[in-house]
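Okay, thanks everyone for squeezing me in. I'd like to walk you through one fold today, so let me put it up on the screen.

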Amino acid sequence: MIVDTNCAYCMEGELVAKFGIKICELKTSKVYLFKEQSHKGRVIVAHKTHIGDMAELSDEDRNDYFADIAKVSRALQKAFSPDKINYGAYGDTGHHLHFHLVPKYKDGYEWGGVFEMNPGKKQLADTEYEALVTKIKQYLVE
């Protein structure tokens, strides 16, 4: 397995702690709560392997990864009842395959537009992060 020592998703620890909190690992992915919570419940689903593009995955691995993403999406829908979940996969600066799952709410921030990568507007207390992680985990283990 390829590991990049400069990659937050490969190394975790302090690199991930700058922007996320690990929720759990699924079959092919690691799930992180995005610390910036302008969109309640926003998470990142990062592939366990350091690859830059889904085209590098076999059909089976790609299907398993998207099954993980769907599982997380269902958990977010049950936990927070968003009106829509936006999905973003970029990787211009971080070349590790990952998706942002961004719950959107009709009466909330950025409804009707593309989500901002890191608006820097809403940080939470540790207890609030813990509550979100617990709520998401509850629906991931069903």
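Let's start in the sheet: in what sense do strand 3 and strand 5 pair, and over how many bridges? They pair in the antiparallel sense, over four bridges. One of the facing pairs there is isoleucine 44, which stands opposite histidine 100 in strand 5. Before I go on, please keep in mind that this is a predicted model.

Now the whole sheet. It is open, it has five strands in the order 1-2-3-5-4, and the pairing is antiparallel. At the edges sit strand 1, residues 20-25, and strand 4, residues 84-88, and each of them pairs on one side only. Ignoring direction, neighbouring strands are turned by 25° against each other on average.

Over at the strand 1 edge, strand 1 and strand 2 make a hairpin with three residues between them. Five bridges join these two antiparallel strands, and glycine 20 has phenylalanine 34 in strand 2 as its bridge partner.

Okay, helices. Going back to that strand 3 and strand 5 pair with its four bridges, what packs on the sheet? Helix 3, residues 59-80, does, and it touches strand 2, strand 3, strand 4 and strand 5. Its direction makes about 20° with that of strand 5. Helix 4 packs on the sheet too, touching strand 1, strand 2 and strand 3, and its direction makes about 20° with that of strand 1.

Helix 3 has 22 residues and reaches 31 Å from first C-alpha to last, close to the 32 Å expected at 1.5 Å a residue. Its buried residues include Tyr65, Ile69, Val72, Leu76 and Phe80, but also Asp64 and Asp68. They pack against strand 2, strand 3, strand 4, strand 5 and helix 4. Just past the end of helix 3, serine 81 takes a positive phi of about 50°.

Same check on helix 4: its 15 residues should span 21 Å at 1.5 Å a residue, and the end C-alpha atoms are 21 Å apart, so that agrees. Which residues of helix 4 are buried? Tyr129, Leu132, Val133, Ile136 and Leu140. Looking down the axis, the buried residues fall within an arc of 100°, so they line one face of the helix. Thr127, Glu130 and Thr134, on the other side, are exposed. The cover over the buried residues of helix 4 includes strand 1, strand 2, strand 3 and helix 3.

That brings me to the core. In soluble globular proteins, nonpolar side chains tend to be buried together. Here the largest nonpolar core has 27 residues, and the members touching the most others are Ile23, Leu33, Val43, Val72, Leu76, Leu101 and Ile136. Strand 1, strand 2, strand 3, helix 3, strand 5 and helix 4 each supply at least two residues of this core. Helix 3 gives the largest share, seven residues. There's also a second, separate core of 10 residues, with Cys7, Ala8, Tyr32 and Phe34 among them.

If you want one residue to click on, try valine 43. Leaving aside neighbours within four places in sequence, its contacts include Ile23, Leu33, Val72, Leu101 and Ile136.

Last stop, glycine 108. Where is it? In the loop between strand 5 and helix 4. Buried or exposed? Glycine 108 counts as partly exposed, because its relative accessibility is 33%. Its C-alpha is separated by 9.4 Å from that of lysine 40, 68 residues apart along the chain.

Key: Residues are numbered from 1 along each chain as its sequence is written. This is a predicted model: local features need pLDDT of at least 70, side-chain atom pairs count only at pLDDT 80 or more; totals for chains, interfaces and linings use all residues. Side-chain values use heavy atoms; hydrogens and water are left out. Buried means under 20% relative accessible area, exposed over 50%, partly exposed in between (1.4 Å probe, protein chains only). Two strands pair if DSSP finds at least two bridges between them. Axes are lines fitted to C-alpha atoms, for helices over the stretch in contact, and angles run from 0 to 180 degrees between N-to-C directions. Contact means heavy atoms within 4.5 Å. The expected span of a helix is 1.5 Å times one less than its number of residues. The arc is that of the directions from the helix axis to the C-beta atoms. A nonpolar core is a set of buried Ala, Val, Leu, Ile, Met, Phe, Trp, Tyr and Cys residues joined through side-chain atoms within 4.5 Å.
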